[in-house]
Structures are given as C-alpha cells and as structure tokens.
Amino acid sequence: MRALWYLKPGELEWRDVPEPEPNGPDAAIVRPLAVATCDLDGPIVRGEVPAPGPFPVGHEFVAEVVAVGESVTSVAAGDRVSVPFQISCGQCARCRAGLTADCRSVPAGSAYGMGPLSDGLRWAGAVADLVGVPYADAMCVPLPAGLDPAALAGLSDNLVDGWRTVGPYLGAATEPRVLVFGRGSIGLYATAIAAALGAEVSYVDPDPDRCRIAELVGASVFHEPPKERYRAHPLVVHTAGTPDALRAAIASTTSSGVCVDTGIIFDNETPLPLFNMYVKGITLVTGRAHARPAMPKVLDLVTGGRLDLAPMVRATAPWSDAVDAWAGHTGRLALVRDPI
C-alpha cells in the first residue's frame, strides 16, 4: 500500500509500505477518509521546526473501519470513526485518570504521523491507504452519519486542543470572558468553542483570513500583531507560539485568572514575569493536550448544533493531489477521498 512521507522542507513523496496487520484481538484497521494538517504540519514542511525527515505524515483524521479484532465491541467494519492522534490503551492508571497523552502501555510520546516529535517511526501516518489502530475500543470514537469528514478531521487533535483551553474553565466562570491570541487553527477552535459555550470572546491576530473566521463564529477582533497588553480577562488563551505573545497573554490575565498556553516555543530561555504572576495569583497552564477524553465533549457540541465547524475548513484537496497540496499548504488543509 502507499503512504505519504515527509522528506525535507518542501518535499514529500508516496512510499510503498507494508499493510497494517491485525495486531491482536483488541485492534482495528481503518481507511482514512479525511486527513487535516495541524498547526505543526505547516512549520514542519517549511523547515521551521526541528523535525528532520523522513517520516510518514498525518495525524488528524476521520476514517471508515475496515476490520476489527475479535474482542472489539464498540465499532464494526463499515463504521465511521475519529481516531485520536495519541496512542493510548484506555486501561492503565494514567488513561483512567484522563491523562491519555501519558499512557503507560506505550512508549512516551507515541502518536501518529509526528516522526521525531513522537516515538520515532513506530506509528504510521494517517495519509495512507490503511492505518492500524491498537486498543480500538479505547481509541475509536464512533461518528454519527451526516457529518462532514473534512470539517471533523480536527477532532483527533487541534479541535480538542482548542476545547481544553476553554471548556474546563468556562463552566465555573463567574465572568465568562475569553481573550484568544491566535495564529493557526487551534486559536480559532478555542474561539468558536468559547462562543458556543456562551462566553464573550475577543480574538487577536494579524492575519485577515483568520480574523474573518473569528468574526464569523462570534468574536470581537483585534486585527493586529499582539500589543503588550489588552483589557484584563479572567481566561486568556495563547496559541501564537511566540514569547512576546505569551507575555502579552499573561499581562492580559486578571488577578486569580487562568492563562492557557498551547503554542510550542522551541526554546527553554523565554523569561516570564513570575513575581507579577505570583502577586496576581495567575494560573499558567501549558503542555500537550490529552485528546481522547475531550473528543466526546466536542462532538456533543457539534451534534447538538451549538458548534459549526464549516467556517474552519479553509481548503480541501483530493487524495491524488496529496504530495503538492501538503507541501504547499499555508493554512488549514484537509485531504479527502470517497468512502468505499
């Protein structure tokens, strides 16, 4: 079968690879229908991220189930599913606590299509004819009929990354006001989800296309590079991935507020105003999302009609154009193909 591999900046190719084999009675084999680029895929293909190739790509995807092991009960051949990008067993103590990014049954960092940023080449990419899914009952999230695979591909990663920035905090918020520093799709997802949960949302981004989408989903927009500070908000989300934007996000967080950082800053030298954060009692949350536990919560917003994902799909391309489309994408992209 074929799978798409990243070789070096701007260069990808189809490679012949072995088909996944049933890996025990609890596994499944799926056929991807839509694979979306995440906020890291663009910087990787442009050579802006320390992720040398070659490795298979793609980790946000909707798929149809082709085969399941004998002990799998939650899905069957022909079902349409979303598969989280992180590999998790669902049974270890960490998974039962909702910490599926740190599953103890697999090597640390195990994920689809992330190459050296995950557990090497152990796991395939999703831009492939077929993908093996271990722990299928824990990993596969069944999808209702009628949902657009391209719009829902981000449920594997960026969509739930947006959820975790706002969903856990707005339920108990006395002032449901959110400020988002955006750059890629995660900031837009956070904006849309916060608006769907009833929050007043402001969005900061110099990109006009993303600002237009933020307005469509209900945000007030600051179409500009981040300033040093904005009106203080009890919940601030930083997805811009720059030290200046992170410091602006912290400076714009109220006393006893929460600042959630998803933007990966590739250094260990970024200074933070720790004394001011201490005096104000600001909570800074950073780190990888735990994708699998959040997926049903986001799906409920979609199926309940509260979250419209259509504005987030900025571009689609047919599977046959994957090499050029993936190599040249600059915004959110979904590769799509017909079901069996």
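This report covers one helix, the salt bridges and the aromatic contacts of a predicted model.

**Helix α7**

Helix α7 spans residues 208-216, and R210, C211, I213 and A214 in this helix are buried. Seen down the axis of α7, these buried residues fall within an arc of 160 degrees, so they line one face of the helix. The other side of α7 carries E215 and L216, which are exposed.

What does the buried side pack against? The buried residues of α7 pack against three elements: α6 (185-196), β10 (200-204) and β11 (220-222).

Both ends of the helix have something to show. At the start of α7, D207 contributes a side-chain oxygen that reaches to within 3.1 Å of the backbone nitrogen of D209. After α7 comes G218, with a positive phi near 110 degrees.

**Salt bridges**

Side chains of opposite charge can pair when their charged atoms come close. How many salt bridges does a search of the whole structure find? The search finds 15. Three of them are tabulated here.

| Salt bridge | Closest N to O distance |
|---|---|
| E11 and K8 | 3.7 Å |
| R177 and E175 | 3.5 Å |
| D207 and R314 | 3.9 Å |

D207 and R314 link distant parts of the chain, 107 residues apart. D207 sits in the loop between β10 and α7. R314 sits in the loop between α10 (291-303) and β15 (316-318). R314 is partly exposed, at a relative accessible area of 32%. D207 thus appears twice in this account: its side chain contacts the backbone nitrogen of D209, and it forms a salt bridge with R314.

In the pair of E11 and K8, E11 is partly exposed, with a relative accessible area of 33%. K8 is also partly exposed, at 48%.

Is R177 buried or exposed? R177 has 11% relative accessibility and counts as buried, because the cut-off for buried is under 20%. Its partner E175 has 41% and counts as partly exposed.

Beyond these pairs, salt bridges link R94, D102 and R288 in a network.

**Aromatic pairs**

The whole structure holds four aromatic pairs. One of them joins Y6 and F55, with 5.2 Å from centre to centre. Their planes are 45 degrees apart, and the pair is tilted. Y6 lies in strand β1 (residues 2-8) and F55 in strand β4 (residues 55-56). The two residues are 49 residues apart, so the pair links distant parts of the chain. Both Y6 and F55 are buried.

F61 and Y112 form an edge-to-face pair. Their centres are 5.6 Å apart, with 90 degrees between the planes. F61 lies in strand β5 (residues 60-68), whereas Y112 lies in the loop between α2 (93-96) and β7 (131-133), so the pair ties together parts that are 51 residues apart in sequence. F61 is buried, with a relative accessible area of 0%. Y112 counts as buried too, at 1% relative accessibility.

F181, F222 and Y230 are joined by ring pairs into a cluster. F222 falls in β11 (220-222), one of the elements that the buried residues of α7 pack against.

**Charges over rings**

Two arginines place their charged ends over tryptophan rings. The charged end of R2 sits over the ring of W14, 4.2 Å from the ring centre. The charged end of R337 sits over the ring of W319, at 4.1 Å from the centre.

Methods. Residues are numbered from 1 along each chain as its sequence is written. This is a predicted model: local features need pLDDT of at least 70, side-chain atom pairs count only at pLDDT 80 or more; totals for chains, interfaces and linings use all residues. Side-chain values use heavy atoms; hydrogens and water are left out. Buried means under 20% relative accessible area, exposed over 50%, partly exposed in between (1.4 Å probe, protein chains only). Helices (H or I, at least four residues) and strands (E, at least two) are DSSP runs, numbered from the N terminus. The arc is that of the directions from the helix axis to the C-beta atoms. Contact means heavy atoms within 4.5 Å. A polar contact is a pair of N or O atoms within 3.5 Å; within protein, one must be able to donate a hydrogen and the other to accept it, and residues adjacent in sequence count only if both atoms are side-chain atoms. A salt bridge is a side-chain nitrogen of Lys or Arg within 4 Å of a carboxyl oxygen of Asp or Glu. Rings of Phe, Tyr and Trp (its six-membered ring) pair if their centres lie within 6.5 Å; planes under 30 degrees apart count as stacked, over 60 as edge-to-face and the rest as tilted. A charge sits over a ring if NZ of Lys or CZ of Arg is within 6 Å of the ring centre and within 35 degrees of the ring normal.
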